[in-house]
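Grab a pencil and open the viewer: here are a few short exercises, each with a worked solution. Try each task before you read on.

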Amino acid sequence: MQALPRVATVFSEVLGIPLENISDETSPENTPKWDSLNAMNLVVALEGAFNIRLSTKEIVSMRTVGIVRKVLRAKGIEDA
């Protein structure tokens, strides 16, 4: 498995897609289930899973799983 199991697990659960289908390149453009409603569900799930708060600026910037991981690492979450 890739080196992003915690983030991938959150995305898999929220979007209802297999874990192995999630990569740093996963985005709303290539993942039909990542719509505006699920984008908000992802924010809530990520905040809960990692015990963090995301700013509006951070949320708007998170257009791929790779960017989500970068935002989480900037918040001190090393295993994102």
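## Exercise 1: how two helices cross

H1 passes H2 in a right-handed crossing. Keep in mind that the model is predicted.

**Task.** Work out whether H1 and H2 are roughly parallel, roughly antiparallel, roughly perpendicular or oblique to each other.

**Solution.**
- Step 1: get the geometry. H1 and H2 pack at an angle of about 140°, and their axes lie 10 Å apart.
- Step 2: check the cut-offs. Roughly antiparallel needs an angle over 145 degrees, while roughly perpendicular covers 65 to 115.
- Step 3: decide. The angle of about 140° fits neither of those classes, so the pair H1 and H2 counts as oblique.

## Exercise 2: who meets whom

**Task.** List the residues that H1 and H2 bring to their contact, then sort them by class.

**Solution.**
- Step 1: take the H1 side. Arg6, Val7, Val10, Phe11, Val14 and Leu15 are the residues that meet H2.
- Step 2: take the H2 side, where the partners are Asn38, Asn41, Leu42, Ala45, Leu46, Ala49 and Phe50.
- Step 3: sort them. The contact of H1 with H2 holds 10 nonpolar, two polar and one charged residues.
- Step 4: look at burial within H1. Val7, Ala8, Val10, Phe11, Ser12 and Leu15 are its buried residues, and they pack against H2 and helix H4 (65-74).

## Exercise 3: two residues of H2

**Task.** Asn38 sits in helix H2; is Asn38 buried or exposed, and what does Asn38 contact beyond its neighbours within four places in sequence?

**Solution.**
- Step 1: compare with the cut-off. Asn38 has a relative accessible area of 15%, and buried means under 20%, so Asn38 is buried.
- Step 2: find the contacts. Outside that window of four places, Asn38 is in contact with Val14, Leu15 and Lys33.
- Step 3: zoom in on Lys33. A polar atom of the Asn38 side chain lies 2.8 Å from the backbone oxygen of Lys33.

**Task.** Do the same for Glu47, also found in helix H2: which residues does Glu47 touch, not counting those up to four places away in sequence?

**Solution.**
- Step 1: relative accessibility is 13% for Glu47, so Glu47 counts as buried too.
- Step 2: with the close neighbours set aside, Glu47 touches Ile52, Arg53 and Leu54.

## Exercise 4: the positive phi values

**Task.** Where does Gly16 lie relative to H1, and what is notable about the phi of Asn51?

**Solution.**
- Step 1: place Gly16. Gly16 comes just after H1 and takes a positive phi of about 65°.
- Step 2: recall the background. Most residues other than glycine have a negative phi.
- Step 3: turn to Asn51. Asn51 is not a glycine, yet its phi is positive, at about 55°.
- Step 4: set the scene. Asn51 is in the loop between H2 and helix H3 (56-61), and Asn51 is exposed, with a relative accessible area of 72%.

## Exercise 5: along the H1–H2 loop

**Task.** Leu19 and Pro18 are in the loop between H1 and H2; how far are their C-alpha atoms from those of Ala8 and Val65, respectively?

**Solution.**
- Step 1: start with Leu19. Its C-alpha is 6.1 Å from that of Ala8, with the two 11 residues apart along the chain.
- Step 2: move to Pro18. Pro18 and Val65 are 47 residues apart in sequence, and 14 Å separates their C-alpha atoms.
- Step 3: add accessibility. Leu19 is partly exposed at 27%, and Pro18 is partly exposed at 39%.

Notes:
Residues numbered from 1 in each chain as written. Predicted model: local features only at pLDDT ≥ 70, side-chain atom pairs only at ≥ 80, totals over all residues. Heavy atoms only, no water. Buried < 20%, exposed > 50% of the residue type's maximum accessible area, 1.4 Å probe, protein only. Polar contact = N/O pair within 3.5 Å; in protein donor to acceptor, adjacent residues only side chain to side chain. Contact = heavy atoms within 4.5 Å. Axes fitted to C-alpha atoms, helices over the stretch in contact; angles between N-to-C directions. Helix = DSSP H or I, 4+ residues; strand = E, 2+ residues; numbered from the N terminus. Parallel < 35°, antiparallel > 145°, perpendicular 65-115°, else oblique. Left-handed = near helix turned anticlockwise from the far one by under 90°. Nonpolar A, V, L, I, M, F, W, Y, C, P; charged D, E, K, R; others polar.
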